[in-house]
Amino acid sequence: MNKPKGAQPLTPAVFYILLALLTEKRHGYDIMNQVEADSEGKIVMGPGTLYGSIDRMMDDGLVEKAPHQERDSRRIYYQITPKGRDLFNVEIARLSSAVRLAAKRVLKNA
Amino acid sequence: MPDFEYAATMEHTRTHHKSLSYHLYRCVLFLYPTSYIRMHRDEMLQNFEDLEKDTGSQGALMKFILRDLVISLPIQYVKLVKRSRSAQLVVLLILMLAALLAYQVYATNLAHTSFQRYATFRECVTISHQTPTSADCTTDSGKTFKIVEISTRWYRDGDGPGIW
């Protein structure tokens, strides 16, 4: 996996939006609900905060507008880009390594 | 019915049968920078409708939307200021006006409407060279300074509101 240049830890909002878009294209309200469910209610985004984050992520090339969806033509759907997927994988690897390290130290001190 | 007439009728029907809070939210969206709202207005209104359907109480919905506005509005304006040179100039102008206003308030607080009250406030022991608009004041410690009248208020020379 190519590590994107200058990859920083993702903010919780960006992480959960990428997670929501990982398996399917979603419209704004669907993303809001999925983020809330995935974060177990810890991250609740309203329309203003959601589209602010999506704009930034689109500028960074992490997500993009999906082609027109037949199932609901009034809504705009978003999808993750290959760059977004790479960055998400890097973040997952970073978190996994941190969890492994923490678990090792906890076991050592137990 | 021609397509465009049908579309116009549907649009009218869509907006005509909305709740009061929906119309209120539509107005509130004008608080966002134009560039942002031009891109997301329809989506945000659609989200509001969805939220209205899914949220039981109007109070909870309003609280949620208000919280969202408080968080997202400043972020959008900071983004706008970062991007636009004219927005930076407007902010600079507002800051300069605020500084001038603060100075005016500060300078006014140093003033008194009567010469006697001001002289007492400044602890003048001796007053000399008094004219209707100025006087020299000497304090107990021997310091001497000039008191002047500017726009019916008395100031220590130099403390006055200057450019006003």
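**Exercise 1.** Which residue in β3(A) is the bridge partner of H27(A)? Place this pair within the sheet of chain A in this predicted model.

*Solution.* Begin with the pair itself: H27(A) has Y77(A) as its bridge partner in β3(A). Next, consider the strands to which the pair belongs, for β1(A) is joined by two bridges to strand β3 (residues 77-80) of chain A, and the two run antiparallel. Then widen the view to the whole sheet, which is open and is formed by three strands in the order β1-β3-β2 (chain A), with antiparallel pairing. The edges are held by β1 (26-27) and β2 (63-65) of chain A, each of which has a single partner strand, so one side of each is left without a neighbour in the sheet. Finally, add the helix that packs on this sheet, namely α1 (residues 12-21) of chain A, which touches β1, β2 and β3 of chain A and whose direction makes about 100° with that of β3(A).

**Exercise 2.** Work out in what order the strands of the chain B sheet stand, and trace how each is joined to the next.

*Solution.* The sheet is open and has four strands in the order β1-β2-β3-β4 (chain B), paired in the antiparallel sense. At its edges stand β1 (124-131) and β4 (153-156) of chain B, and because each has a single partner strand, one side of each lacks a neighbour in the sheet. From one strand to the next, the twist averages 25°.

Now follow the pairings one at a time:

- β1(B) pairs with strand β2 (residues 134-139) of chain B over five bridges; T131(B) stands opposite S134(B) in β2(B), and the two strands form a hairpin with two residues between them.
- β2(B) and β3(B) are also paired over five bridges, with T138(B) opposite T144(B) in β3(B); four residues lie between the strands of this hairpin, and G142(B) in the turn has a positive phi of about 95°.
- Strand β3 (residues 144-150) of chain B pairs with β4(B) over four bridges, and V148(B) has Y155(B) as its bridge partner in β4(B).

**Exercise 3.** Describe the side of chain A that touches chain B, by element and by residue class.

*Solution.* Start from the counts, since the contact takes twelve residues from chain A and 16 residues from chain B. On the side of chain A, the elements that give two or more residues are α2 (28-38) and α3 (47-59) of chain A, and the largest share, five residues, comes from α3(A). Sorted by class, this side of chain A has five nonpolar, five polar and two charged residues.

Technical notes:
Residues are numbered from 1 along each chain as its sequence is written. Chains are lettered from A and ligands numbered from 1 in the order in which they are written. This is a predicted model: local features need pLDDT of at least 70, side-chain atom pairs count only at pLDDT 80 or more; totals for chains, interfaces and linings use all residues. Two residues are in contact if their C-beta atoms, placed from the backbone, lie within 7 Å. Ala, Val, Leu, Ile, Met, Phe, Trp, Tyr, Cys and Pro count as nonpolar, Asp, Glu, Lys and Arg as charged, and the others, Gly among them, as polar. Two strands pair if DSSP finds at least two bridges between them. Axes are lines fitted to C-alpha atoms, for helices over the stretch in contact, and angles run from 0 to 180 degrees between N-to-C directions.
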